[in-house]
Amino acid sequence: MDKFPPLPAPAPDDRYGVIYADPPWDYRGQLQHAGPGSGDSGGAIRHYPTVRLNDLMQLNVASIAADDSLLFLWATSPHLDQAIDLGKAWGFAWATVAFVWDKQRVNPGFYTMSQCELCLVFKRGRIPAPRGARNVRQLVSEPRADHSRKPSEVRRRIERMFPEQRKIELFAREIEIPGWDTWGEAVAHPQTGRSFWQERQERQERQEAAGT
Ligand SMILES: C[S@@+](CC[C@H](N)C(=O)[O-])C[C@H]1O[C@@H](n2cnc3c(N)ncnc32)[C@H](O)[C@@H]1O
């Protein structure tokens, strides 16, 4: 069974200069709660499945990346090493921490109280040109919203940095994002108009009905 919906297949000149990804990291097989209003579920509360690192690594992100492109990748602090391995497996070289999101709330941690999430940046070839703003700040201070939802401010900052590059969000939960292509289980397939998530749900329902 396919683990992922098909990625777009852009012509070489249409490959993306900016790829922004927030993967469903696997935390020992637990379902992650996607929160209200998520994806194409019409406002229903649902959970999304997580994907193991080895499977995430199989996603052919290099096939959609321009020769000169950047990958912005959300990571969780305890799994930072996995995020760096994933960026490299997708064909990018590790660059630096692009954004630190201060969630304005603390959570207990084994060492210090945790409060921040990191968005890493990786590079393939050169930094894409032309560039936009060069004074974009690393620290984003925004309150948390739904579970795992990242602040839109990060997308806006990337747009200011690279206004002219083609951009795609991978593992997107919002289907329409002006100026961005989107891909993920919640995003409808252009031909069928149906999402990977809908098809998986229906497959499960059929299996349950058949008692398998
Ligand atoms: C961490 S969330 C992304 C949250 C999003 N960045 C936001 O700010 O709302 C990961 C997303 O990956 C999606 N997902 C889970 N399994 C997937 C798969 N096999 N293929 C594509 N997308 C998947 C889930 O639906 C979930 O919305």
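This is a short walk through the fold, the core, the ligand shell and a few odd backbone spots of a predicted model.

Local features are given where pLDDT is at least 70, side-chain atom pairs count only at pLDDT 80 or more, and totals for chains, interfaces and linings use all residues. Residues are numbered from 1 along each chain as its sequence is written.

**The overall layout**

The protein has 4 helices and 9 strands. Both kinds of element are DSSP runs numbered from the N terminus: helices are H or I with at least four residues, strands are E with at least two. Reading from the N terminus, the order is β-β-β-α-β-α-β-β-β-α-β-β-α. Of the 212 residues, 33% are buried. Here, a residue is buried if 20 or more other C-beta atoms lie within 10 Å of its own, exposed if 12 or fewer, and partly exposed in between, with C-beta atoms placed from the backbone.

As for contacts, two residues are in contact if their C-beta atoms, placed from the backbone, lie within 7 Å. Take the contacts between residues at least 6 apart in sequence: 67% of them join residues at least 24 apart.

**The sheet**

Seen across its strands, the open sheet of 7 runs β7-β5-β6-β4-β1-β8-β9, with mixed pairing. Two strands count as paired if DSSP finds at least two bridges between them. β7 (139-141) and β9 (181-183) sit at the edges with a single partner strand each, so one side of each has no neighbour in the sheet. On average, neighbouring strands are turned by 20 degrees against each other, direction ignored.

Here are some of the pairings, with their bridges.

| Strands | Sense | Bridges | One pair of residues |
|---|---|---|---|
| β1 and β4 | parallel | 5 bridges | Y20 and F72 |
| β1 and β8 | parallel | 4 bridges | V18 and K167 |
| β8 and β9 | parallel | 3 bridges | L170 and W183 |
| β5 and β6 | antiparallel | 9 bridges | F99 and C119 |
| β5 and β7 | parallel | 3 bridges | V100 and L139 |

β5 and β6 also form a hairpin, with 6 residues between them.

Two helices deserve a look against this sheet. α2 lies across β4, β5 and β6, and runs at about 165 degrees to β4. α3 packs on the sheet too, touching β1, β4, β5, β6 and β7, and its direction makes about 165 degrees with that of β1. Those angles run from 0 to 180 degrees between N-to-C directions, and the axes are lines fitted to C-alpha atoms, for helices over the stretch in contact.

**The core**

In soluble globular proteins, nonpolar side chains tend to be buried together. In this model, the largest nonpolar core has 42 residues, and those with the most contacts inside it are I19, L71, F72, L73, C119 and L120. Such a core is a set of buried Ala, Val, Leu, Ile, Met, Phe, Trp, Tyr and Cys residues joined through C-beta atoms within 7 Å. Elements giving two or more residues to this core include β1 (16-21), β5 (93-107), β6 (114-124) and α4 (196-209). The most comes from β4, with 8 residues.

How well covered is β1? It is mostly covered, with 6 of its 6 residues buried. Leaving out residues up to four places away in sequence, I19 touches V61, A65, S69, L71, I168 and L170.

Over in β4 you will find L70. L70 counts as buried because it has 28 C-beta neighbours inside 10 Å. With residues up to four places away again left out, L70 touches V18, V121, F122, K123, I127 and P128. L70 and F92 are 22 residues apart in sequence, and 7.8 Å apart in space from C-alpha to C-alpha.

**The ligand shell and some unusual backbone**

There are 18 residues around the ligand, and D22, Y48, F171, R173 and E185 come nearest. A residue is near a molecule if its C-beta atom, placed from the backbone, lies within 6 Å of it. The shell divides into 9 nonpolar, 3 polar and 6 charged residues. For that split, Ala, Val, Leu, Ile, Met, Phe, Trp, Tyr, Cys and Pro count as nonpolar, Asp, Glu, Lys and Arg as charged, and the others, Gly among them, as polar.

F171 lies in the loop between β8 and β9. F171 has a positive phi of about 60 degrees although it is not a glycine, and with 22 C-beta neighbours inside 10 Å it counts as buried. Q104, found in strand β5, also has a positive phi of about 60 degrees without being a glycine. Q104 is exposed, with 10 other C-beta atoms within 10 Å. Finally, a cis peptide bond joins A129 and P130, with omega about 0 degrees, and P130 is found in the loop between β6 and β7.
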